[in-house]
Amino acid sequence: MAKKAASEKLIRKGVRTDGRKPTELRNIRIDVGPLERADGSAYIEWGKNKILVAVYGPREVHPRHLARPDRAFFRCRYHMAPFSTAERKRPAPSRREIELSKVTRVALEPAIITELFPRTGIDVFIEVLQSDGGTRCAGITASSIALADAGVPMRDLVVACAAGKIDGQIVLDLNEIEDQDGEADVPVAIMPRTGGISLLQMDGILSPAEFKEALALALDGCKQVYERQKDALKGAYGQADTSMDEEGDSVGGDTHE
Ligand code: ADP
């Protein structure tokens, strides 16, 4: 949240730098299962963000001492390609990537029924190919779809979206310029069926009333993103569901309506 020059406005006559209204989400496209070698995968375009997620497991854990007797060991790796940012990112793992790997794991883990797979491991790899602000939310949203594609049993999907404050106004889904020149960013992840919040962060400063407004807007954004997730899974598994239903069985991606 850097200070911008007073002349640079992020909202002019109610329109943001990328043409959106204050409460408008960027365009989102989700593809299910683009990677054949992974057990599950997803690709998301969220505005200018382009992120690929691969899921492996449940499988044997390496190193083996990490295996848990009562549940699967769940790991996430958030990684940004050096070419994903405006200025080349240093290839060495950054503190930010370590933090976002942890944040992603914490946001996703409550939804996964890890008790069903003791002594195994489930790995999520998030590769940010192009970034434009909000990559943690896009990564979490896509990871949940990749986990469903892998057939990993889940209590619910996990969906994430941020709201924040720019030019003194609470807005939905900050892009990179807004994130850097704005006053605050509040990323939120929820399990939409139960409403449980599994991620709530805040960067910057908000009054209690502004925080409430930002949280409500982010939750509204999550609901919209959830519709995109369901559409993506229906598009990928709709056909399979019908044939599976006839046999009275079900597949990973169809249980999250
Ligand atoms: P998020 O992507 O979840 O909003 P941050 O708030 O840390 O996470 O980052 C905001 C944006 O800043 C990123 O989406 C990316 O576009 C940009 N960014 C992050 N790290 C770097 C970096 N090392 N170099 C250049 N740009 C970066």
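Two strands count as paired if DSSP finds at least two bridges between them. By that rule β6 and β7 pair: eight bridges join them, and the two strands run parallel. The model is predicted. Its protein chain has four helices and twelve strands. Of its 257 residues, 47% count as buried.

**The five-stranded sheet**

- Five strands make up an open sheet with mixed pairing, in the order β3-β4-β5-β7-β6.
- The edges are β3 (28–32) and β6 (73–80), each of which pairs on one side only.
- From one strand to the next, the twist averages 15°.
- At one edge, β3 pairs with β4 (residues 40–46) in the antiparallel sense, over five bridges.
- Within that pairing, Asp-31 stands opposite Tyr-43 in β4.
- β5 and β7 are also antiparallel, with nine bridges between them.
- Here Ile-51 faces Val-128 in β7, standing opposite it.
- At the other edge, the β6 and β7 pairing is parallel, and His-79 stands opposite Glu-127 in β7.

**Helices on the sheet**

- Helix α1 (residues 95–108) lies across β6 and β7 (120–130).
- The direction of α1 is at about 140° to β6.
- Helix α2 (residues 135–149) packs on the sheet and touches β3, β4, β5 (49–60), β6 and β7.
- The direction of α2 makes about 150° with that of β4.

**An aromatic pair between β5 and β7**

- The model has one aromatic pair.
- Tyr-56 and Phe-125 form it, with ring centres 5.9 Å apart.
- Their planes are 75° apart, and planes over 60 degrees apart count as edge-to-face, so this pair is edge-to-face.
- Tyr-56 lies in strand β5 and Phe-125 in strand β7, so the contact ties together parts that are 69 residues apart in sequence.
- Tyr-56 has a relative accessibility of 24% and counts as partly exposed.
- Phe-125 is partly exposed too, with a relative accessible area of 27%.

**Strand β8 and its partners**

- Strand β8 (residues 159–166) is mostly covered, with eight of its eight residues buried.
- Side chains in a regular strand alternate between the two faces of the sheet.
- In β8, Val-159, Cys-161, Ala-163 and Lys-165 point one way.
- Ala-160, Ala-162, Gly-164 and Ile-166 point the other way, and both sets are buried.
- β8 pairs with β10 (residues 184–191) in the antiparallel sense, over seven bridges.
- In that pairing, Lys-165 stands opposite Ala-184 in β10.
- β8 also pairs with β9 (residues 169–172), again in the antiparallel sense, over four bridges.
- Ala-163 stands opposite Leu-172 in β9.
- β8 and β9 form a hairpin with two residues between them.
- Asp-167, in the turn of this hairpin, has a positive phi of about 45°.

**Cysteines**

- A disulfide is a covalent bond between the sulfur atoms of two cysteines.
- The count of disulfides in this model is zero.
- Cys-137 is in no disulfide, and the nearest cysteine sulfur, that of Cys-161, is 6.2 Å away.
- That distance of 6.2 Å does not meet the cut-off, because a disulfide needs the two sulfur atoms within 2.5 Å.
- Cys-137 is buried, with a relative accessible area of 2%.
- Cys-161 is buried as well, as a residue of β8.
- Cys-76 has a relative accessible area of 13%, which means that it counts as buried.

**Gly-235 and Asp-31**

- Gly-235 sits in helix α4 (residues 208–246).
- Its relative accessible area is 65%, so Gly-235 counts as exposed.
- Gly-235 and Asp-31 are 204 residues apart in sequence.
- In space, the two are 9.0 Å apart, C-alpha to C-alpha.
- Asp-31 is the residue that stands opposite Tyr-43 in β4.

**Chain-wide figures**

- Among contacts between residues at least 6 apart in sequence, 68% join residues at least 24 apart.
- The protein chain exposes about 12600 Å².
- Carbon and sulfur atoms supply 52% of that exposed area.

Conventions. Residues numbered from 1 in each chain as written. Predicted model: local features only at pLDDT ≥ 70, side-chain atom pairs only at ≥ 80, totals over all residues. Heavy atoms only, no water. Axes fitted to C-alpha atoms, helices over the stretch in contact; angles between N-to-C directions. Contact = heavy atoms within 4.5 Å. Buried < 20%, exposed > 50% of the residue type's maximum accessible area, 1.4 Å probe, protein only. Phe/Tyr/Trp six-rings, centres within 6.5 Å; stacked < 30°, edge-to-face > 60°. Areas by Shrake-Rupley, 256 points an atom, 1.4 Å probe, with all protein chains shown as cover.
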